[in-house]
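Got the viewer open? Keep the selection box handy, and let's walk through this one stop at a time.

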Amino acid sequence: MDDLLQILLNGLSVGAVYALFALGYTLVFSVLGVINFAHGAIFTLGAYFTYLLIGGGVGSNGLLAGFQLPVGLPFWLALPIAGLLSAAVALGVERVAFRPLRKRNADPLLALITSLGAGVILVNLIQLLMGAESHSIPTGSLGSLPPALSFGGAHIRTVQVLLLAVSTVLVGLLTAWIDGTRSGKGLQAVSEDPVTAQLLGINSGQMIQIAFGLSGFLAGIAGGLVGLSVSIAGPYFGIGYGIKGLGVLVLGGLGSVPGAVLGGLIIGLAEALVPSDLSGYKDAVAFGFLFLMLLVRPQGLLGKPLPNKV
Amino acid sequence: MGQMIRRPSSCKPQLAKWLKAWLKGLLIAFPVAATTACQAPQSQVDNRFPIGAVIALTGNYSIIGQDQRIGLELAQQVFSKREPKTELLIEDGGSDELTATNAFRSQISRGAIALIGPSNSQQAFAADPLADRAGVPVVAASNTANGIPEIGHFISRVSAPVSVVAPLSIAAAIKLNPGLHRTAIFYTQDDAYSTSEFKNFEIAAHKKHLEIVTVQRTNSGEMDFQKQINDNLSLKPELIVISAGPSDGGNLVRQLRELGYGGPIVAGNGMNSPNIFPVCQRYCDGLLIAQAYSPELATPINNSFLKLYQQRNHGATPPQFSAQAFTAYQVIHQALQTLQATLPKGTTIASLPLQDLRQRLNRQILSGTYATPLGDIRFTPDGEIRQNNFYVAQVKMNPDGTTGRFRLLP
Amino acid sequence: MDTTLLQQMLLGALLGISVYLPLRCGQLSLATPGFYAIGGTVAALLSTRITALGGDGASYPISSVLLEMAVAALVTGILALGIGKVVLRLRGIYLAISTIALVEILRVVSLNLSFTGGAIGIFGIPQPFATPEAYVVFTSLLLAVVCWLCDRLERTRPGLAMAAIREDELAAASQGINTANTKLLAFVLSALVAGVTGVIAAHFLNSWNARMGNFDASITTLAFVVFGGTRTWLGPVVGGLVLTALPELLRPVGDLRLIVYGLVILLGPVLFPQGVITPERLSRWSRMLRQRLRLEAPTP
């Protein structure tokens with residue numbers, strides 16, 4: 001029983017990060033039908049922003065060597081600000097890597113490459129400015145909370161509990177926004193049929209920006225939280241999550257918000273179930289699931305049936 | 001162009017046009033530029049002998065590469081003033097095999113008399129054979145996997161292999177905690193250095209009659225080890241041995257402590273850098289790591305290395321990787337110096353054809369003895385380092401929880 | 001020019017063609033690095049484990065390399081046939097992601113298998129050529145053959161069928177084109193090119209491991225094609241040559257080099273949505289060239 005609870009806790013806390021990550025992908029996909037390969041870089045930026053905002057100093061490498069913000073914000077304040085800054089960067093990425101293609105009516109496939117270019121630029125910009133060393137959000141950021149909690153024999157790190165809680169709140173807010181507000185409904189309309197949405201007077205350009213902004217915000221928050229949990233391993237920090245997020249995205253169903261959450265939790269749990277002896281195969285779990293899912297049910301768990309022509 | 005700057009209002013379409021023209025020009029000019037710009041100099045650069053370093057400045061291993069860069073630049077500062085004049089050429093070897101191989105090639109064609117690098121063993125297995133075939137001496141500064149000098153006649157290293165270093169820290173842990181028995185090992189299974197070090201840890205543990213209760217395999221880039229730690233702690237280990245890179249290893253230590261492990265931890269060479277302090281923070285305290293370098297070694301060369309390093313890094317203690325990189329440069333420079341001195345009258349090393357110089361330099365590197373920051377070292381005929389002094393350090397963190405130092409055990 | 005860079009550019013061009021082939025019939029497959037990795041593994045295993053292939057001379061016989069290529073082509077071809085039958089039912093981004101998944105699964109499995117050398121891989125792969133120049137000659141020949149075949153393909157029935165599917169799959173099917181088989185053909189050809197390229201690459205790099213085919217490689221090879229153009233085989237060739245050379249040629253700008261590389265792949269598709277090389281641009285260039293030659297030719 002303890003074991004089961006332990007697996008559940010481990011799986012959920014990892015799955016929550018995957019879910020947050022995939023949500024960002026899915027928001028952009030729902031309005032544009034393409035994948036934003038710069039998403040991982042924005043996640044990384046979120047972690048760096050959080051680190052700088054709490055007053056973390058840059059080490060001895062990079063152009064900003066020795067730099068430190070004059071103020072050190074508490075973590076709970078730094079995190080949302082980092083989210084907003086990441087959202088701003090995501091809007092910038094939309095502007096340089098997506099909008100020009102849309103204006104020219106170019107093949108949406110090209111956005112895979114332009115967004116990859118934007119991601120490469122962001123990652124290397126971080127390295128240029130702050131070097132490649134790891135940066136850490138101090139373990140004391142959570143105040144006097146103990147480093148780990150136990151629930152009936154199962155142990156979990158406090159950071160992971162926080163991650164799970166924040167993700168749950170964010171997903172709840174996002175769902176409420178999509179279902180309960182005018183702009184949320186507009187987003188839905190654009191994702192279902194951009195042409196009709198346009199005829200109904202919905203500004204699709206604006207909706208695309210909202211989707212990018214939200215996706216950047218979520219990525220930034222996820223980055224900051226993961227940075228607190230495992231420290232920022234350098235500019236390439238987000239890449240692993242970026243690839244796995246793809247698996248989650250397709251498993252849940254491209255463009256489906258509840259699907260992204262479900263996909264994240266399933267893959268998190270599945271990875272937690274891999275026995276230690278076979279942990280080398282853990283990274284293949286997400287993709288194995290994804291591959292099978294594509295063959296059995298290409299639209300994913302909660303996606304809409306696919307149109308005949310793409 | 002000038003007009004464009006003065007009239008910003010009409011700048012945008014023109015800029016786009018200009019950019020477009022520029023990009024088109026770039027594409028067309030590429031093959032031309034490539035053929036002209038890459039005409040490599042075949043001998044010295046400005047009468048200096050180029051020493052090529054290929055270290056990881058980008059990617060996961062850049063944490064090690066940045067330590068090495070400092071060591072190399074300090075060596076350049078010390079030795080470039082002495083005859084024969086040498087020049088340090090640093091190339092980014094990335095963290096993958098392909099980039100390292102490319103960087104080796106480019107250094108070789110630029111006429112490097114000898115090479116230092118690449119940063120990790122995995123890259124060395126790919127890149128070193130090229131240098132060996134081209135007849136260019138390579139002095140590895142941080143490759144510790146078994147089998148590196150055996151790659152070829154031209155390959156040597158100043159980084160003591162895991163087989164020599166790994167047992168020391170386990171012995172130290174037993175000395176500090178007599179009665180240890182149940183041991184758990186974590187290692188990164190998709191990395192050449194780590195798998196090699198793991199085997200040596202395993203052998204060392206058997207020799208000391210420790211019982212290995214579990215072996216946990218992690219993957220490079222992985223950072224959340226909660227599950228493996230829980231599986232592992234339920235087996236009640238009394239000693240945990242880790243072979244991993246600086247950031248994944250640091251995270252592993254932190255998470256082990258957070259989840260309640262209180263016993264001793266032995267870490268491998270991959271975590272042998274102050275760069276782990278910000279990762280495991282106050283939880284780094286007490287970590288045991290074997291060292292091939294001691295800042296406390298009181299020799300003239302180490303004193304001057306220490307002084308230079310501290311001037312540059314606000315009084316910090318130099319890590320092993322910086323000391324080893326410094327040593328690699330020193331070995332090459334000193335061998336070149338000896339070569340110069342032993343040539344028959346009338347010939348100078350500058351008059352030797354490059355290929356001949358590289359060959360003689362390799363012979364000289366392997367036959368010399370060197371007083372370095374690592375202590376007195378020499379090489380076996382294979383190119384393996386013979387080093388007298390090894391140490392085991394215990395990490396001592398400062399009360400701020402983010403800075404600390406490696407304190408040598410007596 | 002540095003011949004080893006030239007060699008890598010040629011390998012890049014071959015991989016570009018491999019991504020291009022399925023794209024020519026509208027299928028975005030990113031499986032190329034997977035087949036490339038398999039080709040390389042075949043070469044590495046055969047040449048290091050089977051001593052009979054080594055011949056008696058100092059260098060590894062070229063006939064053995066050709067034999068490895070045949071084996072690699074066979075292995076990748078059969079695999080592609082099986083995998084293609086399954087994944088080609090998917091379209092667009094779904095196909096792309098399923099092929100990314102395949103490449104990742106293959107990488108993880110091969111990292112965990114001991115006969116492929118696991119994480120460390122296989123090193124000390126014997127050398128058929130003593131100099132990089134010889135590699136360049138050999139690879140150029142292969143590239144020329146592949147280009148010639150592509151050119152032939154584009155003019156013959158299966159090639160035209162591919163183009164038709166790309167324009168409109170339903171219309172193509174209604175004209176009696178067997179769309180499933182045509183797509184499978186493109187997928188298998190793509191795998192063959194990647195597998196054979198892997199064989200040369202393994203010898204050239206003289207060590208091989210599972211990391212040679214990963215997600216990054218999937219995306220960079222796709223960039224070759226998108227950058228160069230997807231409508232004629234010359235596009236991926238140019239894209240592969242230029243984009244492979246770029247990060248190396250940018251070494252002089254030091255820390256900025258990957259930023260500039262990112263800028264180029266960001267701006268490339270924006271400025272040339274069709275890719276740099278399009279059939280129209282090609283015919284315009286050849287017209288211009290002809291005119292200039294006519295002007296320069298002395299009038300009798």
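What follows is a tour of a predicted model, going from one chain to its interfaces and then to some local details.

**Stop 1: chain B on its own**

Start by selecting chain B and showing it as a cartoon. You should be able to pick out 13 helices and 15 strands. The chain runs to 410 residues, and 62% of them are buried. Take the contacts in chain B between residues at least 6 apart in sequence: 67% of those join residues at least 24 apart.

**Stop 2: chain B against chain C**

Now bring in chain C and look at where it meets chain B. The contact draws on 32 residues of chain B and 29 residues of chain C. About 2900 Å² is buried between chain B and chain C, with carbon and sulfur atoms giving 62% of that area.

Which elements should you colour on the chain B side? Those giving two or more residues to the side that touches chain C are α2 (11–37), β2 (86–92), α4 (97–109), α5 (121–134) and α7 (192–207) of chain B. Colour that side of chain B by class and you get 13 nonpolar, ten polar and nine charged residues.

How many salt bridges cross the interface of chain B and chain C? The rule finds zero. Polar contacts do turn up there: four residue pairs across the interface of chain B and chain C, both partners at pLDDT 80 or more.

**Stop 3: chain C against chain A**

Hide chain B for a moment and show chain A with chain C. Here 39 residues of chain C are in contact with 43 residues of chain A. Chain C and chain A bury about 3800 Å² between them, and 84% of it is on carbon and sulfur atoms. Put C:Y94, C:I97 and C:L266 in sticks: together they supply 17% of the area that chain C buries against chain A, more than any other three residues.

Next, highlight α3 (62–87), α4 (92–112), α9 (215–228) and α11 (257–271) of chain C, each of which supplies at least two residues of the side that touches chain A. The largest share of that side, 13 residues, comes from α4(C). By class, the side of chain C that touches chain A divides into 30 nonpolar, four polar and five charged residues.

Which polar links are there to look for? Between chain C and chain A the count is one residue pair in polar contact, both at pLDDT 80 or more, and the rule finds zero salt bridges across this interface.

**Stop 4: the cysteines**

Go back to chain B and select B:C280 and B:C284. A disulfide joins the two, S to S 2.1 Å, and a search of the whole structure finds one disulfide over all chains. Look along the S-S bond and you'll find 105 degrees about it, which makes the link of B:C280 and B:C284 right-handed. Is B:C280 buried or exposed? B:C280 counts as buried, at 0% relative accessibility, and B:C284 also counts as buried, at 0%.

For another pair of cysteines, select C:C147 and C:C150. C:C147 is in no disulfide, and its nearest cysteine sulfur, that of C:C150, is 6.3 Å away. C:C147 is buried, with a relative accessible area of 9%. C:C150 is in no disulfide either, and C:C150 counts as buried at 4% relative accessibility.

**Stop 5: backbone oddities**

Keep one thing in mind here: most residues other than glycine have a negative phi, and most peptide bonds are trans.

Where do the cis bonds sit? Try the bond joining B:E83 and B:P84, which is cis with omega about -15 degrees. B:P84 is in the loop between α3 (62–79) and β2 of chain B. Then move to the bond from B:G117 to B:P118, also cis, with omega near -15 degrees; B:P118 is in the loop between β3 (114–116) and α5 of chain B.

Finish with two positive phi values. A:N105 has a phi of about 55 degrees although it is not a glycine. You'll find A:N105 in the loop between α3 (75–103) and α4 (110–130) of chain A, where A:N105 is exposed with a relative accessible area of 71%. In chain B, select B:H314: its phi is positive, about 50 degrees, and it is not a glycine. B:H314 is in the loop between α11 (300–312) and α12 (320–342) of chain B, and B:H314 counts as exposed at 77% relative accessibility.

Technical notes
Residues are numbered from 1 along each chain as its sequence is written. Chains are lettered from A and ligands numbered from 1 in the order in which they are written. This is a predicted model: local features need pLDDT of at least 70, side-chain atom pairs count only at pLDDT 80 or more; totals for chains, interfaces and linings use all residues. Side-chain values use heavy atoms; hydrogens and water are left out. Contact means heavy atoms within 4.5 Å. Buried area is the accessible area (1.4 Å probe) that two parts lose on being put together, summed over both. A salt bridge is a side-chain nitrogen of Lys or Arg within 4 Å of a carboxyl oxygen of Asp or Glu. A polar contact is a pair of N or O atoms within 3.5 Å; within protein, one must be able to donate a hydrogen and the other to accept it, and residues adjacent in sequence count only if both atoms are side-chain atoms. Helices (H or I, at least four residues) and strands (E, at least two) are DSSP runs, numbered from the N terminus. Ala, Val, Leu, Ile, Met, Phe, Trp, Tyr, Cys and Pro count as nonpolar, Asp, Glu, Lys and Arg as charged, and the others, Gly among them, as polar. A disulfide is a pair of cysteine sulfur atoms within 2.5 Å. Buried means under 20% relative accessible area, exposed over 50%, partly exposed in between (1.4 Å probe, protein chains only).
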